[in-house]
Amino acid sequence: MADRNATLSTPTKRPADSRVTLAHIMSEHDTNLYGTIHGGVVMKLIDDAAAAAAGRHAEGPAVTVSVDRMTFLAPVRAGDLLTVHAELEGAGRTSMTVGVRVTVERWNAAGPGTEVAIGRLTFVAIDADGRPRRVSALAEAGAG
Ligand SMILES: CC(C)(COP(=O)(O)OP(=O)(O)OC[C@H]1O[C@@H](n2cnc3c(N)ncnc32)[C@H](O)[C@@H]1OP(=O)(O)O)[C@@H](O)C(=O)NCCC(=O)NCCS
């Protein structure tokens, strides 16, 4: 049987081609016992944005295979405008690593946003049968 990936054309793409920015106003329904936003709610938004970036790069579905790193730097509060910035950091044969940076703008504070979390996740592009599918190479940062 032919290798399902052998004849696919995989042109190189740049990180900017699949960059995703996802913004969300946090709700008091998402708070934990301490009155700040539950980390799992933030992680879902991170996964959503990173999956969208991976899916854009792969031009099709991509599933989360690993959360490689997740650091919460500052609490998120109800009313904050939270923004997840997701960008491809690397691409293998079928896998993609996506870096995320999360910032918030406080509803009652002027000035620049605060960085509240950073992370890195790995996704695998899949075909209609859920099997790994080849993805494009990623250009070096700053290329083209
Ligand atoms: C992702 C999945 C399709 C991979 O299947 P698999 O048979 O393990 O695939 P392979 O062993 O051929 O590996 C495929 C790629 O994933 C990478 N990979 C597999 N496990 C990994 C892990 N734990 N961490 C990082 N990369 C991993 C491999 O290195 C390989 O990368 P490459 O092709 O770029 O070299 C399968 O594990 C799966 O369906 N997992 C569940 C995904 C899921 O439900 N996620 C949550 C909801 S989105």
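Which element gives the most to the shell around the ligand? In this predicted model, in which residues are numbered from 1 along each chain as its sequence is written, that element is strand E2, with four residues. Local features are considered at a pLDDT of at least 70 and side-chain atom pairs at 80 or more, while totals for chains, interfaces and linings use all residues, and side-chain values rest on heavy atoms, with hydrogens and water left out.

The ligand is surrounded by 13 residues, of which Thr64, Arg93, Thr94, Ser95 and Val124 come nearest, a residue being near if one of its heavy atoms lies within 4 Å of the molecule. By type, the shell comprises five nonpolar residues, seven polar and one charged, where Ala, Val, Leu, Ile, Met, Phe, Trp, Tyr, Cys and Pro count as nonpolar, Asp, Glu, Lys and Arg as charged, and the others, Gly among them, as polar.

Polar contacts, defined as pairs of N or O atoms within 3.5 Å, involve oxygen of the ligand: a polar backbone atom of Arg93 lies 2.8 Å from an oxygen atom of the ligand, and an N or O atom in the side chain of Thr94 is 2.6 Å from a ligand oxygen, as is an N or O atom in the side chain of Ser95, at 2.6 Å. Of the 960 Å² of accessible area that the ligand has on its own, the protein covers 44%, as computed by the Shrake-Rupley method with a 1.4 Å probe.

The pLDDT, the predictor's confidence in each residue from 0 to 100, averages 91 for the protein, and 90% of the residues score at least 70.

Terms used
Polar contact = N/O pair within 3.5 Å; in protein donor to acceptor, adjacent residues only side chain to side chain. Helix = DSSP H or I, 4+ residues; strand = E, 2+ residues; numbered from the N terminus.
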